[in-house]
Every structure is written in structure tokens, then in C-alpha cells.
Amino acid sequence: MTPEVAAILGLSAVTLALLLGAFYATTRQDRRQPEPERPGDTPLPPAEVAQPPPPQPSTGHVGIDYPDPRTIKVGDTIDCQGVRTRVLGAMYLSWQGNQWTEYLLDDSTRCYQWLSVETRPGLNPGDPSHLEVLLWTPVPTQGMIPARTTLSVEGVEFFPVDRGTAAFRGEGVTSMPERGLLDFADYRAADGRLLSFERLQGQPWSSSYAQALPPGSIGIEKKD
């Protein structure tokens, strides 16, 4: 083999190694999971934030054609998606002028869910307010910490919507103190799916998926 041929083969091998290295680094970057939030991190806005879907119109009028979910009280029995559940407790929360209620439901099979009810302003100035009713189902996130950037959970990308610390007052059975502060971080996927992290200050994070329900789908049997 002549020196010229050897040199050409050597340069080809180096070039191939560089291309393989670049390809490997790119695939590693694409699969990288979001890093936990660290104190002092500067929030990075996502490239594209998913906008919430418009509220679904309800047939009839709340409180006239169907029960008003805002009248639910601890001890009531409600029909939610065809399942009778009892309201064990309630948490009344407020944050930056917004107020909402979360109800702890028990279907007598030790399957507990939270139902949140909130009056939301219209998406655009002049739009009427509407009731938002969400049914929350716990989801394991294996100790994941809610970052300020996008999160990938079960292969779905979630974009940050709101985060903060809400003051709350509890009533009935909630497994929470009577009063306190609750950290939360809400996310939304491009298809409208909701993911929320919550924690009592100083405690580990828990997470849940939310399913939006028409306000008229909730049947209420008042406590005697």
C-alpha cells in the first residue's frame, strides 16, 4: 500500500468516526428527559404553549335544568359518570383572586378521586364566565419534580400553564390539615389533556390527570 492510499484511508476513517459521534449525540439529546427544577433556575418559556380548548356549551341552565355543582356539600351523594360517590371532604382554595373547591369522592371501593369546581372567566374580553368541572385521577410520576419547561409523561408532552401557592381551608375528611398552603403546577398537552402536581408545603409532590365534565352531568343528592 502506497503512502498516499494509506493517508486517504486514514482520513476516511476519521471522518466516519466524527459522523457517527455526531449522530449518537443527537439521538441522546432527543431522548433526554426534562431535568428537575433547581433553585435559581431561570424559567424558560416553551417554544409553543398549548392553548386551552374553548369551554363546552351545556344544554340548559345551571341551577334550573340541572343541579349547580357549586352547591355540593360534604356528606352529599353525587352521581358522577354513572357512579354514585359520597363526598367525604372539601378543600376551599384561593390564589391571586381565583377561588375554587375540590371535593374528595369515595365510591365505597376505596377508589378515591377529587372533583374540582371553578367559575372560570371567558377566554376573551367580553366572553361570559363558565363553570369548569374536572375529575382528577392519580397518576404515578415516580418522584418527578414539576419543571418550568415541558414535561414528558407516558410519551406525551405537557406544557406549563399555571403554578403557584394557594391558601386552603379543609372540611370533613381530606387527609390534609384544616388550613395551610398548597403548591401546585398545572400542565396541558396539545390535545387538551391536563396534568397537575400538588403538594402540601414541605411534603412530596403528587400528580393527577384531569378529565373535563359537563356541569350538567353531575347529579346531586343532598345530605339529609
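A salt bridge is a side-chain nitrogen of Lys or Arg within 4 Å of a carboxyl oxygen of Asp or Glu. This is a predicted model, in which local features need pLDDT (the predictor's confidence in each residue, from 0 to 100) of at least 70, side-chain atom pairs count only at pLDDT 80 or more, and totals for chains, interfaces and linings use all residues. Residues are numbered from 1 along each chain as its sequence is written, and side-chain values use heavy atoms, with hydrogens and water left out.

**Exercise 1.** State how many salt bridges the structure holds, and explain what the pair Glu-221 and Arg-84 ties together.

*Solution.* The structure holds 7 salt bridges. In one of them, the side chains of Glu-221 and Arg-84 meet at 2.5 Å, N to O. Glu-221 belongs to strand β11 (residues 218-221) and Arg-84 to strand β2 (residues 83-95), so the pair ties together parts 137 residues apart in sequence. Strands (E, at least two residues) are DSSP runs, numbered from the N terminus.

**Exercise 2.** Determine whether Asp-183 and its partner Arg-199 are buried, partly exposed or exposed.

*Solution.* Begin with the cut-offs: buried means under 20% relative accessible area, exposed over 50%, and partly exposed in between (1.4 Å probe, protein chains only). Asp-183 forms a salt bridge with Arg-199, with the closest N and O atoms 3.1 Å apart. Asp-183 has a relative accessible area of 9% and is therefore buried. Arg-199, at 28%, is partly exposed.

**Exercise 3.** Classify Asp-191 and Arg-193 by the cut-offs of Exercise 2.

*Solution.* These residues form a salt bridge, the closest N and O atoms being 2.9 Å apart. Asp-191, at 52% relative accessible area, is exposed. Arg-193, at 42%, is partly exposed.

How values were computed
Helices (H or I, at least four residues) and strands (E, at least two) are DSSP runs, numbered from the N terminus.
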